[in-house]
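Got the viewer open? Let's take a short walk through this model, one selection at a time.

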Amino acid sequence: MSTEIQYRKITNDGLWHNNVALVQILGLCPLLAVTSTVINGLGLGIATLLTVVLSNVIVSTIRHHVKPEVRIPVFVLIIASVVTAIELAMSAYFYELFKVLGIFIPLIVTNCAILGRAEAFASKNSVKASLVDGLSMGIGFALVLVVLGALREALGMGTLFANAQLMFGELGHAMTITLIDEYRGFLLAILPPGAFIGLGLLIAVKNAMDEKRSCKGVKVPISAR
Amino acid sequence: MTIAPSSSPFAHGTSSVTKVMLRVIYALLPAIAACVWFFGWGVIVNILIAVTTALLCEALILKLRQRPIMPYLLDGSALLTAVLLAVALPPLSPWWLTVLGVGFAIIIAKHLYGGLGYNPFNPAMVGYVVLLISFPREMSSWLSPQILSDYSLNFAATITATLNGQLPNELQLDALTMATPLDTLKSQLRLDHSISETVSSHPIFGLLGGKGWEWINGALLLGGLWLIYKRVITWHIPAAVIGTVAAIAALFYLYDAETYASPLIHTFSGATIMGAFFIATDPVTASATLRGRLLYGAGIGLLTYIIRTWGGYPDGFAFAVLLMNMVAPTIDHYYQPRVFGHKRK
């Protein structure tokens, strides 16, 4: 197998076929808790993306120097250090967003997807492949966060990119799109059940698309029993 | 000449899904009539909107799932879900409330789980809970029975009010609505008014429960007893639900009558009777074994009382039913009847 095809496979796996949120169903706690708006989802998505890329690269670099018996504590230490650095950076530059996301930034340490990538991929592959894997896995996760956030925000509040100033400064005020004027709000979409139902629907859409692609329009009519 | 071999049973019951569903709807008719008498045409308009939405959603989903449309559409299950939800909604509630609740019930609670017979949760109650937690203001503004006798709304005015929120003669909706009996009790208790004080001073309370409500609940009881007589449902679930609610209410009432409402109020207000006979007995989502049904009904009664008394909502029946739906398969697992010829474990 040539290396280029291998990189394409890593990318496709991360973005679609082995997507952290839609296929591995990992990291559900932040996924469900913070996706009430696009901006919250994007903020946590980027933080997670940075964490998984940095931890993958570091783990891959030291993979020959760590004894297998102690690898898990070492991985956890590396991930925790990366997350601490990101948390401090966020509180320095995006303080408002940091306050909104609150406990979910430090909780990235416990996102099993990150330890999962370190253990399953980075500890066995080259630094370059681990970088690509971290990028594609992180982007795949962040995309789901953003799509779910958009879905819930549009249904729940009738807006998109509300509070964008938390991330983009003064420019953000102009980014907020009001889809429906004087929208009454649909509380269910903002509340936790809305997150579960939304994620369920996204997984269903992904499975339906995969099925359609694999059977290429062969229809099996189902008759009444 | 060949004779087609046939095996038992030779006598077939004529029961079918359609027949069961229609009988439940017939049993609801006296209560719907009482509802019209006390609260005006609102409930009829609700039912019309709900049934239309339910049939459209059902047909749409059946088409998407490539199932035959007509047999499933005419089995009456979507119709019953719509009627049950429409009766539970406040009269004069805006049209989109009904459409949203019924749509959610049919599409998400029923068909995404696999359609009739596969849904783990009662669709009508899922629709109700979705509306209750999303639109608490609309869901708690019930008409008051005696104000409506002063300003009678005819059928056309009711339809207008439902569709665009406009009431004739510049009436405000807030002037017609008031809290339900259980809601009144709850808010008055928070203001340190005792139960007996509230019941005697508020005009909403009648002889047994809320004024008007006691008649509607009486009609529901009548319909429910007819269902048991016709063997559409067994007595286990309704008896367990009402018995548990009344027993626990009596216990706390004897302990402190000023902070805990009497068993009569608990039985004849809110959704106790409607739920016990019409909601909890749903053959798909309820427990299927006889002893299991007693436990299932008792669980619903207990949870209803707990949510009503110490929870945030005035009535907890819908939540109680959904919670017990979740454990119904486990209950059935432990209460499976002994197979004939096998030993007890």
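Start where the two chains meet: between chain B and chain A there is one residue pair in polar contact, with both residues at pLDDT 80 or more. Keep in mind as you click around that this is a predicted model. Now try looking for salt bridges across the interface of chain B and chain A: the count there is zero.

Next, color the side of chain B that touches chain A. Which elements give two or more residues to it? They are α5 (95–111) and α6 (123–134) of chain B. Of the elements, α5(B) gives the most, with four residues. Color by class and you'll get 11 nonpolar, two polar and three charged residues on this side of chain B.

Zoom out a little and select both sides. Here 16 residues of chain B are in contact with 14 residues of chain A. People often describe an interface's size by the accessible area lost when the parts come together. For chain B and chain A, that buried area is about 1,200 Å², and carbon and sulfur atoms give 61% of it.

Stay in chain B and pick Gln66(B), in the loop between α2 (42–64) and α3 (69–73). Check its backbone angles: Gln66(B) isn't a glycine, yet it has a positive phi of about 55°. Gln66(B) is partly exposed, at 36% relative accessibility.

Now hop to Leu92(B), in the loop between α4 (77–88) and α5 of chain B. Leu92(B) is another non-glycine with a positive phi, this time about 65°. Is Leu92(B) buried or exposed? Its relative accessible area is 6%, so Leu92(B) counts as buried.

Over to chain A. Select Thr37(A), which sits in the loop between α2 (28–34) and α3 (38–61). With a relative accessible area of 9%, Thr37(A) is buried. What does its side chain reach? Follow it to the backbone nitrogen of Asn40(A), at 3.2 Å. Leaving aside residues up to four places away in sequence, Thr37(A) also touches Gly149(A), Glu153(A) and Met157(A).

Last stop: the cysteines. How many disulfides does the structure hold over all chains? Zero. Click on Cys112(A) to see one that is unpaired: the nearest cysteine sulfur belongs to Cys29(A) and is 9.5 Å away. A disulfide needs the two sulfur atoms within 2.5 Å, so this pair does not count as one. Cys112(A) is partly exposed, at 39% relative accessibility, while Cys57(B) is buried at 12%.

Definitions and conventions. Residues are numbered from 1 along each chain as its sequence is written. Chains are lettered from A and ligands numbered from 1 in the order in which they are written. This is a predicted model: local features need pLDDT of at least 70, side-chain atom pairs count only at pLDDT 80 or more; totals for chains, interfaces and linings use all residues. Side-chain values use heavy atoms; hydrogens and water are left out. Buried means under 20% relative accessible area, exposed over 50%, partly exposed in between (1.4 Å probe, protein chains only). Contact means heavy atoms within 4.5 Å. Buried area is the accessible area (1.4 Å probe) that two parts lose on being put together, summed over both. A salt bridge is a side-chain nitrogen of Lys or Arg within 4 Å of a carboxyl oxygen of Asp or Glu. A polar contact is a pair of N or O atoms within 3.5 Å; within protein, one must be able to donate a hydrogen and the other to accept it, and residues adjacent in sequence count only if both atoms are side-chain atoms. Ala, Val, Leu, Ile, Met, Phe, Trp, Tyr, Cys and Pro count as nonpolar, Asp, Glu, Lys and Arg as charged, and the others, Gly among them, as polar.
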